[in-house]
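User: I'm new to this one and would like to know where its labels come from. Could you take me through them?

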Amino acid sequence: MVSDPSIVSVQELVKEPLDSIPESFIRLDQTRPHVLPSKSDHIPTIPTIDMVKILEPSDRSLNDELERLHFACSEWGIFQALPQPPGAESSFRFAFLTVLITQQLVNHGVSLSLLQKLGLEIEEFFKLPLEEKMKYKPNPGESEGYGNVMRSEKNVLDWGDRLFMAINPISLRKPHLFPELPAPLRSSLETYIKELKKIALQILRSLAICLHIDTNVIMELFEEEKEFQALRMTYYPPCPQPELVIGLTPHSDATAITILHQINCVNGLQVKRNGVWLPIDILPDAFVVNVGDIMEILSNGTYHSIEHQVMVNSESERMSLAMFFNPKLDAQVGPAASLISLKNQALFRNITMNEYVQGLFSQKMDGKSYLDRMRITSSEQAKET
Ligand SMILES: O=C(O)CCC(=O)C(=O)O
């Protein structure tokens, strides 16, 4: 049995047949929440949102779509987005396929050829020899880089290898990471980053309208070239005993929104709703968009960041690419002033985006516990009034 807690690559580990799962990956808590089986009748079906109606609105459809968007973000917090149908080059469409905390974005306008090319290049990246990938390992004490670097509170390793890095503002790019990626991957990522930024800004603008926040207030937080953007690509190898491990520890994202591309369409993502983990069935080439902690704070709790995790399986590898969108690092993040009144007091403290991110990286992942520490307690509220 391998029990070395410094294993950097699960992909390397599974190259040799495993008699048993190394101890450092075995989840200790046997009190895992109940998971509804995929295809269960109990999983609610999800409303759809048409992005065309948001981008090219007629008055009536805009209102309807925004109402659906608002409902999806406040009741769920996550949705999927499909690629455009053939021949609909300029149309953007959303579809919300589940209605609780996850939304899937459909007809998102990013070309299928780019998604396919990028998927192959990410696969190639993970196939590089370990010595090559180790050139991207994190600097001491830092979280950006390649490897099995993330751990849960209980120091159990996740069953997945990942490359995590900041990509915007450009000055934040670590010299040994993005600039040193294989040229085809770097070039496809640059295009993808630009495309996704357009979609993210459109979603954020729509959310501001839904929340009755001045769109200029939101757009000022996401000032062009200064907004904080990061990405994580993850490779989850098959696992001989998937029930003993977790691909990605439960967490909510410290983002305004996250756009997730499930590269090779292998299921595994689950979201937590009322203490129950719900599996998300993938729509091929769809994006999953989820509300993050920062949006929960900005909306003063009207929208909810969604706790999610990834399960692995014994047969298929899984790959994903998560793109994290955040306000600029020097932005003061707090409940939008227009949402606060004597009746609706602020539920969260103000904090700079930078402080939020630094605080998060200095601790282990643990569901939504970090966001909870930003909450204003009832005794603090009482003192204010
Ligand atoms: O791999 C996935 O499907 C989810 C990835 C994710 O949630 C993350 O990287 O934060």
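User: Why is glutamate 225 called exposed?

Analyst: This is a predicted model, so everything here is computed from it. Glutamate 225 has 9 C-beta neighbours inside 10 Å, and a residue counts as exposed if 12 or fewer lie in that range, so the label fits. You'll find glutamate 225 in the loop between helix H7 (215-221) and S5. Its phi is positive, about 75 degrees, although glutamate 225 is not a glycine.

User: And asparagine 300, what makes that buried or exposed?

Analyst: Buried is the word here: asparagine 300 has 20 other C-beta atoms within 10 Å, and the label needs 20 or more. Asparagine 300 is in the loop between helix H8 (293-298) and S11. Asparagine 300 also has a positive phi, about 50 degrees, without being a glycine.

User: How do you know that aspartate 158 is buried?

Analyst: Same kind of check. Aspartate 158 has 25 other C-beta atoms within 10 Å, set against a cut-off of 20 or more, so aspartate 158 is buried. Its place is the loop between strand S3 (145-147) and strand S4 (161-168). From aspartate 158 to valine 310 the C-alpha distance is 9.4 Å, with their positions 152 residues apart in sequence. Across the protein chain, buried residues make up 44% of the 385.

User: Why are H4 and H6 called oblique?

Analyst: Helix H4 (residues 112-127) and helix H6 (residues 183-211) pack at about 140 degrees, with axes 9 Å apart. Over 145 would count as roughly antiparallel, and 65 to 115 as roughly perpendicular. The angle of about 140 degrees is in neither range, so H4 and H6 are oblique to each other. Their crossing is left-handed. Among the residues making the contact are Leu118 and Phe125 of H4, and Leu185 and Tyr192 of H6. By class, the contact of H4 with H6 has eight nonpolar, two polar and two charged residues.

User: What makes a residue part of the shell around the ligand?

Analyst: Its C-beta atom has to lie within 6 Å of the ligand. The residues surrounding the ligand include Arg232, Asp253, His308, Val310 and Ser320. Strands S5 (227-236), S7 (257-262), S11 (308-310) and S12 (318-328) each supply at least two residues of that shell. Sorted by class, the shell has five nonpolar, four polar and two charged residues.

User: How do you know that the bond between asparagine 168 and proline 169 is cis?

Analyst: Look at omega: about 0 degrees for the peptide bond joining asparagine 168 and proline 169, which is listed as cis. Proline 169 is in the loop between S4 and H6.

Notes: Residues are numbered from 1 along each chain as its sequence is written. This is a predicted model: local features need pLDDT of at least 70, side-chain atom pairs count only at pLDDT 80 or more; totals for chains, interfaces and linings use all residues. Helices (H or I, at least four residues) and strands (E, at least two) are DSSP runs, numbered from the N terminus. Ala, Val, Leu, Ile, Met, Phe, Trp, Tyr, Cys and Pro count as nonpolar, Asp, Glu, Lys and Arg as charged, and the others, Gly among them, as polar. Axes are lines fitted to C-alpha atoms, for helices over the stretch in contact, and angles run from 0 to 180 degrees between N-to-C directions. Angles under 35 degrees count as roughly parallel, over 145 as roughly antiparallel, 65 to 115 as roughly perpendicular and the rest as oblique. A crossing is left-handed if the near helix is turned anticlockwise from the far one by less than a right angle, and right-handed if clockwise. Two residues are in contact if their C-beta atoms, placed from the backbone, lie within 7 Å.
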